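Okay, thanks for coming, everyone. Let me pull the model up on the screen, and then I'll walk you through it piece by piece.

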Amino acid sequence: MFNALPSAQLLSLADSFGLPLFVYDAATIDRQIDTLKSSFDVPSLEIRYACKALSTIGVLKQIYKHGCGIDTVSPGEMIMALEAGVPASHISFTPSGVLTEEYAFAIEKGVHVHVDQLHVLEWMERHFPGTAITLRFNPGIQAGGHSKLQVGSDGSKFGFLTNQVEEIFKRTSAMSLRVTGVHMHLGSDIGDSGSFDQAYEFLLNVARHWRDSIERIDLGGGFKIPYHPNDHAINIEAFGKKVSKRFNQFCDEIGRNLTMVLEPGKFLVSAAGNLLMEVTGVREEGPLPMAFVSSGFNHFLRPMSYGAYQHIINLSNPDGEVRNYDIVGYLCETDSFATNRPMHAIRKGDILCLMNAGAYGFTMASNYNGRFRPAEVLVGTDGTPALIRRAETIHDLLRTYTGYTPV
Ligand SMILES: Cc1ncc(COP(=O)(O)O)c(C=O)c1O
């Protein structure tokens with residue numbers, strides 16, 4: 001379930017590259033891609049990795065080796081995907097509420113765009129007539145593991161609403177824009193197909209409106225992975241089988257083979273990542289021992305932003321007595337990684353490994369409190385580590401200040 005990198009290797013990487021450190025395992029990424037691909041049986045499947053999860057160029061290269069495309073939400077992500085060698089034909093742009101200049105940037109680069117607002121459609125018809133587009137719809141269905149991660153429900157800001165479908169059909173019928181895809185993304189941590197099935201039927205109904213031009217049906221991402229040792233993953237084989245069967249029926253119905261698009265983020269990279277952190281001290285005097293680490297929510301935000309559980313192990317003392325700890329970061333705020341967590345005894349200088357750190361880890365990192373973002377290492381399938389991003393230095397922090405001259 002978690003990263004298969006051995007503790008001894010992680011400790012040796014900590015020694016060689018310094019701490020804190022993100023370590024990713026290419027073999028885990030490869031395995032997740034293979035699992036996803038083999039779970040769906042449709043005439044054509046495209047995986048468009050949602051790189052908001054982790055957009056480091058070395059990781060994008062690893063993913064593109066499998067022929068996967070990249071789903072992006074900003075010009076920055078598009079440029080990173082292009083820099084990774086991913087051709088524009090394999091990149092899509094699925095933003096939310098951005099300036100039309102960003103759409104222009106995407107179209108001029110040859111990136112396929114997803115549209116979910118009327119004014120954007122009208123603007124595009126004026127400036128880029130004839131462009132092939134995907135329309136994003138909001139099925140009005142609640143799904144996903146956390147309220148902040150449920151983006152396909154009523155009132156969410158994403159996608160055309162259920163009551164706009166007819167109107168959008170009417171408008172696009174009078175435009176030169178070509179609707180070649182329909183799209184939905186329900187949210188993250190979708191662990192069963194119940195709510196998904198309902199949304200899927202909605203999307204297929206929507207797709208019928210554009211049956212003459214449609215080429216792709218994009219089901220989004222959000223496939224659940226386990227964060228806790230007792231947690232479950234989505235049964236992707238059963239899910240893929242069921243979803244494929246319905247898709248193939250739909251292709252039969254409209255008399256053409258379509259492409260199914262999936263946009264997984266965390267499913268591909270979460271388990272591949274570890275954040276290694278050094279224990280700066282342990283306070284024994286409170287109600288619970290408190291372990292301080294030389295990192296914080298500036299490096300890994302999920303526990304603080306979503307109350308997320310992240311499994312943490314003590315690499316340095318795997319056989320130590322188990323006690324409950326609060327584990328906190330070094331930021332001058334409540335900065336909690338774990339509360340009342342059973343851990344093998346933690347000592348000053350130990351190295352803790354926060355698991356499942358691949359997704360929404362580095363990409364959400366910041367310089368809060370004037371802290372540097374850590375280095376990232378990708379361990380290749382042959383076990384060789386490669387530094388894919390160096391740690392920041394004071395120059396990175398200062399370089400955007402006007403008048404700063406590096407010394
Ligand atoms: C449009 C879209 N697709 C895919 C994803 C990936 O979600 P996950 O990382 O849960 O698979 C997201 C995440 O926010 C998204 O907004």
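So, how many bridges join strand 16 to strand 17, and do the two run parallel or antiparallel? There are four bridges, and the strands run antiparallel. Before I go further, keep in mind that this is a predicted model.

Let's stay with that hairpin for a moment. Strand 16 covers residues 375-379, and strand 17 covers residues 385-389. If you want a handle on the register, Val379 has Pro385 as its bridge partner in strand 17. Five residues sit between the two strands, and Gly383 in this hairpin has a positive phi near 90°.

Now look at the other partner of strand 16. Strand 1, residues 21-25, pairs with strand 16 over five bridges, and here the sense is parallel. Leu21 has Ala375 as its bridge partner there. As a general reminder, side chains in a regular strand alternate between the two faces of the sheet. So what about the two faces of strand 16, are they covered or open? Both are covered: Ala375, Val377 and Val379 are buried on one side, and Glu376 and Leu378 are buried on the other. That's five of five residues buried. And yes, there is a glutamate in that list, Glu376.

Okay, on to the barrel. Strands 2-3-4-5-6-7-8-9 make a closed barrel of eight, with parallel pairing. From one strand to the next, the twist averages 30°.

I'll take strand 5 as my example, residues 112-115. His112 and His114 are buried on one side, Val113 and Val115 on the other, so to speak a strand covered on both faces. On one flank, strand 4, residues 91-93, runs parallel to strand 5 and is joined to it by two bridges. Phe93 is the residue standing opposite Val113. To get from strand 4 to strand 5, the chain goes through helix 5, residues 100-109, in a right-handed β-α-β crossover.

Strand 5 also pairs with strand 6, residues 132-136, in parallel and over three bridges. There, His114 stands opposite Thr134. The chain passes through helix 6, residues 118-127, on its way from strand 5 to strand 6, and that β-α-β crossover is right-handed too.

Next, one residue I'd like you to click on: Leu262, in strand 9, residues 259-262. Why does Leu262 count as buried? Because 25 other C-beta atoms lie within 10 Å, and the cut-off is 20 or more. Its C-alpha is 5.5 Å from that of Leu219, although the two are 43 residues apart along the chain. Beyond its neighbours within four places in sequence, Leu262 is in contact with Leu36, Ile47, Leu219 and Gly221.

Leu36 turns up again in helix 2, where Thr35, Leu36 and Ser39 meet Ile236, Glu237 and Gly240 of helix 9. By type, that contact has two nonpolar, three polar and one charged residue. The axes of helix 2, residues 26-39, and helix 9, residues 236-254, come within 8 Å and cross at roughly 35°.

Last stop, the ligand. Which residues are closest to it? Ala50, Ser188, Gly221, Glu263 and Gly265, out of 17 that surround the ligand. The shell is a mix: six nonpolar, seven polar and four charged. You may remember Gly221 as one of the contacts of Leu262.

That's the tour, so over to you.

Methods: Residues numbered from 1 in each chain as written. Predicted model: local features only at pLDDT ≥ 70, side-chain atom pairs only at ≥ 80, totals over all residues. Near = placed C-beta within 6 Å. Nonpolar A, V, L, I, M, F, W, Y, C, P; charged D, E, K, R; others polar. Axes fitted to C-alpha atoms, helices over the stretch in contact; angles between N-to-C directions. Contact = placed C-beta atoms within 7 Å. Buried ≥ 20, exposed ≤ 12 C-beta atoms within 10 Å, placed from the backbone. Pairing = 2+ DSSP bridges. Right-handed = clockwise from strand over helix to strand, strands pointing away.
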